[in-house]
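Work through the exercises below with the sequence and the coordinates open beside you. Each task is followed by a solution that proceeds step by step.

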Protein chains: 2
Amino acid sequence: MMNLTTKLDHKQAAGLLLQGDNFVIICHASPDGDTLGGAYALCGALQKLQKTARVITPEKPSPRFDYLKNALVETAEIDTENEIIITVDVADKTLLGDCEKTHGDRVLLCIDHHVSNTEYAQNLLLESESSSACEVVFELIKKLSEIAGKNLMNTDIAACLYTGLSTDTGCFKFSNTNAASHRHAAELFEYGFDSANLNYLLFEMRTPERLNLERQALESVEYFFGGKCAIITLSAVMMEGADEEDLNAISSVPRQIDGVELGVTLKEKAAGIWKISLRSNSYVNSQKICAALGGGGHKRAAGCRIKGTVEECKVRILDEIGKHILDK
Amino acid sequence: MMNLTTKLDHKQAAGLLLQGDNFVIICHASPDGDTLGGAYALCGALQKLQKTARVITPEKPSPRFDYLKNALVETAEIDTENEIIITVDVADKTLLGDCEKTHGDRVLLCIDHHVSNTEYAQNLLLESESSSACEVVFELIKKLSEIAGKNLMNTDIAACLYTGLSTDTGCFKFSNTNAASHRHAAELFEYGFDSANLNYLLFEMRTPERLNLERQALESVEYFFGGKCAIITLSAVMMEGADEEDLNAISSVPRQIDGVELGVTLKEKAAGIWKISLRSNSYVNSQKICAALGGGGHKRAAGCRIKGTVEECKVRILDEIGKHILDK
């Protein structure tokens with residue numbers, strides 16, 4: 001069966017949502033601030049329209065995102081049988097993880113900002129210039145408010161949307177940050193959420209476990225190719241007690257060292273199984289290196305898995321890196 | 001002699017500048033991104049009006065700010081005898097350091113955002129709600145452009161102004177960030193400077209020396225008062241090769257640990273002389289603690305100096321902290 005996706009603008013997507021009554025909004029696996037913030041914001045807005053709506057995540061989110069639930073309103077019992085399925089920030093149905101089998105083929109509307117979206121949903125609201133999915137949701141909520149004649153935004157929903165906008169741009173530092181990111185942030189600030197506390201929670205707070213992990217990561221730094229490549233190695237023991245956000249933050253450390261073009265993080269997922277993360281600054285194509293080792297990703301951020309001892313793992317990845325890093 | 005300061009708005013300040021021909025713009029000592037960015041932006045704008053202008057700094061800026069000079073235009077020889085003196089981001093004339101004696105009593109216009117400004121200049125353009133002095137300079141340049149009928153903004157000047165705005169807000173993370181900060185950032189982004197590269201330079205790039213210092217700082221963390229206070233100790237040997245920006249960044253590390261209200265950094269400035277930095281999160285008044293030890297500062301960030309061994313130093317500071325941290 002040919003699966004044709006209809007591309008919608010904000011107004012058409014708002015119209016579609018206004019026709020429904022009972023929604024489930026699904027996040028992607030390894031849920032981050034953008035998929036969660038967008039889902040909770042939309043859920044809260046739909047509830048304010050007297051619709052039944054809930055959020056489900058294929059994997060448990062980090063407890064640091066617990067405050068997102070403040071955007072929700074208490075609702076009557078939910079009919080989980082006849083729900084309209086919406087996804088937020090989910091570029092491909094395989095990213096739905098455990099929800100793929102149960103929901104993946106019945107998504108009515110996908111709201112996304114990834115240019116790589118595989119058009120698995122019946123309808124797609126895609127803004128590939130947006131730095132975050134939350135900005136697409138924000139524009140959609142404004143359009144819903146306009147059509148319904150009721151302001152659906154509030155402080156808690158603004159905090160949800162700011163969560164996705166700020167985390168997907170690395171708090172406005174990453175190269176995807178643009179004028180619209182800041183314009184949207186300014187609009188959200190007007191709702192008066194506690195931005196200082198939120199920024200502390202999202203970007204500054206570090207657990208003693210995280211600090212300990214950082215210390216060990218810094219002790220493990222090794223340089224290759226005249227300092228153009230830096231490798232950090234984290235054993236399973238070192239990562240005990242650290243959550244996904246902690247590990248993500250540490251993956252960007254080797255790339256940040258002055259003179260380093262390619263930063264590599266080796267994480268031991270199980271005995272003899274290493275997850276490799278590559279982050280490049282300007283000219284090395286991380287995706288190509290990882291693809292040669294059976295992995296994938298983007299030019300500036302990619303990953304793969306290698307089996308073996310840590311030494312075997314380093315030899316294989318360095319061999320592949322050598323083909324690319326010496327080009328310039 | 002009574003020194004009366006006239007408070008100006010942007011239009012009046014622009015009018016004052018348009019009357020002059022020969023300017024020197026002075027930054028504060030320990031020059032940061034805000035004082036430097038604002039001074040170079042204003043200097044470039046005045047030069048575009050065919051005026052002679054230069055920037056001087058009481059202390060040498062970090063080389064990471066070298067790109068700010070791109071905002072300047074080559075000008076004819078400078079007459080340093082009859083210069084009109086402007087200061088940017090300088091709340092008090094003592095902050096002019098070595099320039100205080102030579103220029104401190106003859107400042108025609110001070111452009112600032114500190115509510116604590118001591119009104120030492122003949123004229124003052126103060127916006128105490130602004131998160132950075134650069135935003136005040138930005139509004140001033142827009143007004144200058146309007147009156148002169150010539151757009152004085154360009155990509156390089158926008159990069160200067162973004163430098164101050166982003167560094168003074170900790171890249172939009174600190175509690176002084178507001179809707180206007182983001183609105184100004186959005187406007188500046190429209191000038192198309194290389195924001196990704198700038199953010200890397202200002203917030204991400206870390207020298208191997210900095211990384212090494214961070215590792216040692218993390219190894220030195222000690223907790224007191226049930227984890228509400230964390231102390232980091234940096235000896236003179238550990239700090240070799242680190243610049244002021246590196247040390248500033250590390251001073252905020254202990255405050256970021258989960259559960260810590262007060263972060264303390266002890267830096268050995270010379271044998272037996274310790275510079276103490278306090279950073280609190282919500283209720284401890286750092287200024288009071290430091291004042292009791294002969295220092296000063298603000299509620300959330302303050303400092304003092306203590307002579308003695310590191311142990312003596314810790315005992316004295318912990319004794320004082322104990323009077324404040326157990327209140328809550």
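A cavity, as the term is used here, is a set of grid points where a 1.4 Å probe fits but cannot get out. The model is a predicted one.

**Exercise 1.** Determine how many cavities of 30 Å³ or more the whole structure holds, and describe the lining of the largest cavity.

*Solution.* Step one is the search itself, which over the whole structure returns one cavity of 30 Å³ or more. Step two is its volume, which comes to about 50 Å³. Step three is the list of lining residues, in which chain A is represented by Arg206(A) and Glu214(A), while chain B is represented by Glu214(B), Ala217(B), Leu218(B), Ile232(B), Ile250(B) and Val253(B). Sorting this lining by class gives five nonpolar and three charged residues, with no polar ones. Finally, when the lining is assigned to secondary structure, H8(B) turns out to give the most, with three residues.

**Exercise 2.** Characterise the interface of chain B and chain A, beginning with its extent and ending with its charged pairs.

*Solution.* Begin with the contacts, which join 38 residues of chain B to 38 residues of chain A. The area buried between the two chains is about 3400 Å², and 61% of it lies on carbon and sulfur atoms. Next, the rule for salt bridges finds four across this interface, one of which pairs the side chains of Arg255(B) and Glu204(A) at 3.0 Å, taken from N to O. The elements of chain B that each supply at least two residues to the side touching chain A include helix H6 (179-189), helix H7 (195-204) and helix H8 (208-219). By class, that side of chain B divides into 19 nonpolar, nine polar and ten charged residues.

**Exercise 3.** Locate the two partners of the salt bridge between Arg54(A) and Glu83(A) along the chain.

*Solution.* The closest N and O atoms of Arg54(A) and Glu83(A) are 2.6 Å apart, a distance that falls within the 4 Å cut-off for a salt bridge. Arg54(A) sits in strand S3 (residues 52-56) of chain A, whereas Glu83(A) belongs to the loop between S3 and strand S4 (84-88), so that the pair, 29 residues apart, links distant parts of the chain.

**Exercise 4.** Describe the second largest pocket by its volume, its elements and the classes of its lining residues.

*Solution.* This pocket holds about 150 Å³ of space. Its lining includes Tyr67(B), Asn70(B), Asp156(B), Phe193(B) and Leu201(B), and helix H5 (155-168) and H7 of chain B each supply at least two of the lining residues. Classified, the lining divides into five nonpolar, three polar and two charged residues.

Conventions: Residues numbered from 1 in each chain as written. Chains lettered and ligands numbered in written order. Predicted model: local features only at pLDDT ≥ 70, side-chain atom pairs only at ≥ 80, totals over all residues. Heavy atoms only, no water. Contact = heavy atoms within 4.5 Å. Buried area = accessible area lost by both parts, 1.4 Å probe. Helix = DSSP H or I, 4+ residues; strand = E, 2+ residues; numbered from the N terminus. Nonpolar A, V, L, I, M, F, W, Y, C, P; charged D, E, K, R; others polar. 1 Å grid on protein atoms, 1.4 Å probe; cavity = no way out; pocket = protein on both sides within 12 Å on 5 of 7 lines; lining within 4 Å. Points joined across faces, edges and corners; volume = space filled by probe spheres on them.
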